[in-house]
Amino acid sequence: MDRQITWVKQAVGLCLENAGSGELRQKLFQQQEQLYLEFTDSEKYAVRKIMQEGFQNKDLIYIFSHFIQNMKAADFGQGLMEAISKETFDPYTGTMLEVQVRRMVAGEYARKRELHKKNVEGFKQALHMHFPYVPAKKRNQNRIVIITEQILSLLHAPTKLVLETAYALQEKLGYEVLIFICPCDGSLPKDLWHKPTSMNTQEKFRNHAMEISYRGAMFQEFQIDLHPWNLKEYQMMLEIIHAWNPFFVFGLGVLNPVADLCGAFTDLAMRAVSTECPVSEAGILVRPMRQAEEMEQEYAKGLGDGQEQLFIKEKAPVVVGQGQNQYSRSGEGLPEDKFLIAIVGNRLDAEIDMEFAALMQGIVQKAPGTAFVVIGEVGKMKNYFQGTCMEGHIFYLGYRRDLVGTYGMVDLYLNPRRMGGGYSSVMALAAAVPVVSLPGCDVAGHVGEEFLVKDYQEMEEMVLRYEAEPEFYKEKQECAKKKMEENTEGKMVQYVQHVVNGIISLIEGRNQTDDCV
């Protein structure tokens, strides 16, 4: 037990802001993580018991927020969700906690649903609104409302998906479309969460009606930020949607619990922008693909009464344009004589862990002619590579607006273990850059089995083969080009039509008793 007590004292001590520099603290966390992983199951249980008995729940949440940002053991995510489930928060705080755990905690679907349900109920009570349910036959079947989390740039995959969907619905399928943006852009107390994140927003959209122009089409939109003084705006949103009387409301990648309140008076369909099951109280949960059976069983246990999952067999196309510029390696400070492997993302600090860093170093050690190009803003992940064999074998380009053009300088796209990255991987294929990814993630759903490997060991072997066998590389380039034939405007329209047909079919089944309402 002494070892576990010592571990807790040292790990909790690292959560203090004065516990050395950021770089030193990160290295010390890595050491603590390694020590924890060497514990037996009973010793790990003892660590969690010591913490549960020694700290109040809110203090545990703060401590675990440090742990999950600096150590990857799944136990810490479980401990965090247990601590959150024992507390009651106002819906604003609860919603921002949702943002953190959805970003940082893998699995735990049932507890995420529990937290979300509390937040939905909190906003329901705060808004003091009640609308009678409108049967499907009494709605305007030519209208669809889209609620999303963010509208940012066209390099933001969820933004692209929302606008492509709205474009297909309005311009090709003849629906009237109204868009609401409900970002979770609030804040958390400093003593509750270490370095919380929030959803970026566009200042120009803030709390007033605007028109969005996309591919020559115009869409009406309204953005409501997550602040207590915006209750009237949320009330107005629900009143507008109820009065507009759409056939259904379609949530696309929206976390904000207020969106779920639409399900009280109309049919609500929710689709996550990843392959995960949506965390929502919506009656219809739209899924792009099935996960492993164990995960599907976890999802099934977390579903509420009357919820149905709609699985879409077709892959959602990503309409990608051409690169805006041609870049040279020399002009961007990249080596001309190396096989360049791109790693791309907006959250790489959270997605690149010690295991993937070791994979990268193993590739360089076995194939000195390779190098990595990191595209996206990074900070602490650089600590993994200082003073290692990666010196001269890793280059940081930061954020790139012209991603397709940037891909013209690299040879391969490598995807770490994560849920996101789907859009950036398709852009790689558009530049004839092959992809290597694990299954069961957004990238896998977009690029197909031709570019998948089962684990990190096979990933390393595949990268080495790409680098060593030019003919194999050319074959995969041709696969990439053929894949892009699936990502056309026409395919996108067909996909949206298929999704709408599936939703309508479920609505008709759910509303068979309309005549009795």
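This report describes one helix, two sets of paired strands and the nonpolar cores of a predicted model.

Helix α9 spans residues 231-244, and its 14 residues reach 20 Å from the first C-alpha to the last, close to the 20 Å expected at 1.5 Å a residue. Within α9, the residues Tyr234, Met237, Leu238, Ile241 and Trp244 are buried. These buried residues lie on the same side of α9, because they cover an arc of only 135 degrees around the axis. The face of α9 turned away from that buried side carries Lys232 and Ala243, which are exposed. The cover over the buried residues of α9 includes α7 (109-127) together with the strands β1 (140-148), β2 (176-181) and β5 (246-252). Just after the helix, Asn245 takes a positive phi of about 55 degrees.

Ile241 of α9 also appears in the largest nonpolar core, which has 71 residues and in which Trp7, Ile61, Phe67, Phe76, Leu80, Ile147 and Ile241 are those with the most contacts. Leaving aside residues up to four places away in sequence, Phe67 touches Trp7, Ala11, Val12, Cys15, Phe29, Met51 and Phe76. There is also a second, separate core of 62 residues, and Phe339, Ile363, Tyr384 and Met459 are among its members. In soluble globular proteins, nonpolar side chains tend to be buried together.

Strand β5, part of the cover over α9, runs parallel to β6 and is joined to it by four bridges. Strand β6 (residues 268-271) is covered on both faces, with Leu268 and Met270 buried on one side and Ala269 and Arg271 buried on the other. Two of these buried residues recur in the bridging: Arg271 is the partner of Leu252, while Ala269 stands opposite Ile284 in β7.

A further set of five strands forms an open sheet in the order β11-β10-β9-β12-β13, with parallel pairing. Its edge strands are β11 (394-398) and β13 (435-436), each of which pairs on one side only. Where β10 (residues 370-375) meets β11, Ile375 stands opposite Gly398.

The strand pairs for which bridges are described here are set out below.

| Strand pair | Sense | Bridges | Facing residues |
|---|---|---|---|
| β5 and β6 | parallel | four | Leu252 and Arg271 |
| β6 and β7 (residues 284-287) | parallel | three | Ala269 and Ile284 |
| β10 and β11 | parallel | four | Ile375 and Gly398 |

Methods
Residues numbered from 1 in each chain as written. Predicted model: local features only at pLDDT ≥ 70, side-chain atom pairs only at ≥ 80, totals over all residues. Heavy atoms only, no water. Helix = DSSP H or I, 4+ residues; strand = E, 2+ residues; numbered from the N terminus. Expected span 1.5 Å × (residues − 1). Buried < 20%, exposed > 50% of the residue type's maximum accessible area, 1.4 Å probe, protein only. Arc of directions from axis to C-beta. Contact = heavy atoms within 4.5 Å. Pairing = 2+ DSSP bridges. Core = buried A, V, L, I, M, F, W, Y, C linked by side-chain atoms within 4.5 Å.
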